[in-house]
Amino acid sequence: VNFQKEGPYCLLGHSADGKFALELTRILRQEGKAVEFLGLIDAFPPVPGLKEPLGKKVNHFVNRLRHKSPRDALAAVWRLFQWRLQKQWNRAVGILLVKRWQDQGKVRRVKHFLMGQYLAEPYDGEVTYFHATLDPANPARDLIDEWQKIITGKLKVVPVFGDHMSVVQPPHVADLAKKILAGIDRGESES
């Protein structure tokens with residue numbers, strides 16, 4: 001937290017970055033620092049063995065291909081194949097690659113590998129979960145049930161119009177921003 005030495009802190013994480021926001025919040029609180037707000041935007045719970053449903057993965061991939069030319073779509077399928085192959089290799093070789101990736105500045109690879117190993121500890125603070133309402137592959141109830149296994153404090157669920165990615169893009173991001181600010185304001189008034 002070199003960028004802001006003093007709290008209170010307001011943290012937010014979307015998708016897989018929700019795990020980072022949760023863990024940073026835990027570390028800050030352990031150091032005695034005040035975290036005023038923790039928001040998770042349609043974040044998948046860091047539960048061992050719990051994987052993103054195949055239907056959701058396929059749906060996101062097909063949606064990304066929808067407006068591409070056949071040549072670009074084929075290139076995207078080839079990149080996906082290469083990525084899956086790389087992912088299997090990374091699992092096999094594991095932590096030996098982390099140091100190499102760090103030295104090469106491949107932060108994203110380090111992040112994805114380490115987040116795959118992350119086991120969340122119970123968190124007793126308050127969390128606001130912004131759930132994308134147009135995401136049929138991940139019903140709100142399923143995600144909330146999994147988050148409640150980790151978040152032992154108050155879990156406030158706020159619906160946000162859009163799917164997993166469109167909630168953080170115009171025009172839906174404006175509604176999300178209002179709801180985030182309302183959550184922060186509510187936290188300040190309760191302090």
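What follows is a short working chat about the structure above, which is a predicted model.

Reader: Let's start with the strands, so how do S1 and S2 pair, parallel or antiparallel?

Author: In this predicted model, strand S1, covering residues 9-14, and strand S2, covering residues 35-41, pair in the parallel sense, and six bridges join them. Within that pairing, tyrosine 9 stands opposite valine 35 of S2.

Reader: And which unit do S1, H1 and S2 make?

Author: Together S1, helix H1, which spans residues 17-30, and S2 form a β-α-β unit, and the unit is right-handed.

Reader: What about H1 itself, how many residues has it and how far does it reach?

Author: Helix H1 has 14 residues and reaches 20 Å from its first C-alpha to its last, which is close to the 20 Å expected at 1.5 Å a residue. H1 is followed by glycine 32, which has a positive phi near 80 degrees.

Reader: Which residues in H1 are buried?

Author: The buried residues of H1 are Gly18, Lys19, Ala21, Leu22, Thr25, Arg26 and Leu28.

Reader: Arg26 is charged, so what does arginine 26 form a salt bridge with?

Author: Its partner is glutamate 23, and the closest N and O atoms of the two are 3.1 Å apart. Both residues lie in helix H1, three residues apart, about one turn of the helix.

Reader: Why would that spacing suit a pair?

Author: An α-helix has 3.6 residues a turn, so residues three or four places apart point the same way. Side chains of opposite charge can then pair when their charged atoms come close.

Reader: Is arginine 26 buried or exposed, and what about glutamate 23?

Author: Arginine 26 counts as buried because its relative accessibility is 7%, under the 20% cut-off, whereas glutamate 23, with a relative accessible area of 24%, is partly exposed.

Reader: How many salt bridges are there in the count?

Author: The count comes to five salt bridges. One of them joins the side chains of aspartate 124 and arginine 29, at 3.1 Å from N to O. This pair links distant parts of the chain, since aspartate 124 sits in the loop between helix H5 (107-117) and S3 while arginine 29 belongs to helix H1, 95 residues apart. Aspartate 124 counts as exposed at 55% relative accessibility, and arginine 29 counts as partly exposed at 36%.

Reader: What about aspartate 175, which residue does that one form a salt bridge with?

Author: Aspartate 175 forms a salt bridge with lysine 179, with the closest N and O atoms 3.4 Å apart. Both lie in helix H7, residues 172-190, where they are four residues apart, about one turn of the helix. Aspartate 175 is partly exposed, having a relative accessible area of 30%, and lysine 179 is likewise partly exposed, at 27% relative accessibility.

Reader: Switching topic, which residues touch the most other members in the largest nonpolar core?

Author: That core has 20 residues, and those touching the most other members are Leu22, Leu38, Leu40, Val127, Tyr129, Trp147 and Leu155. At least two residues each come from S1, H1, S2, strand S3 (127-132) and helix H6 (140-150), and H6 gives the most, with four.

Reader: Beyond its sequence neighbours, what is leucine 38 in contact with?

Author: Leaving aside neighbours within four places in sequence, leucine 38 is in contact with Leu11, Ala21, Leu22, Thr25, Tyr123, Glu126, Val127 and Thr128. Apart from the largest core lies another core of 10 residues, among them Phe37, Ala132, Val158 and Leu176.

Key. Residues numbered from 1 in each chain as written. Predicted model: local features only at pLDDT ≥ 70, side-chain atom pairs only at ≥ 80, totals over all residues. Heavy atoms only, no water. Pairing = 2+ DSSP bridges. Right-handed = clockwise from strand over helix to strand, strands pointing away. Core = buried A, V, L, I, M, F, W, Y, C linked by side-chain atoms within 4.5 Å. Buried < 20%, exposed > 50% of the residue type's maximum accessible area, 1.4 Å probe, protein only. Contact = heavy atoms within 4.5 Å. Salt bridge = Lys/Arg side-chain N within 4 Å of Asp/Glu carboxyl O. Expected span 1.5 Å × (residues − 1).
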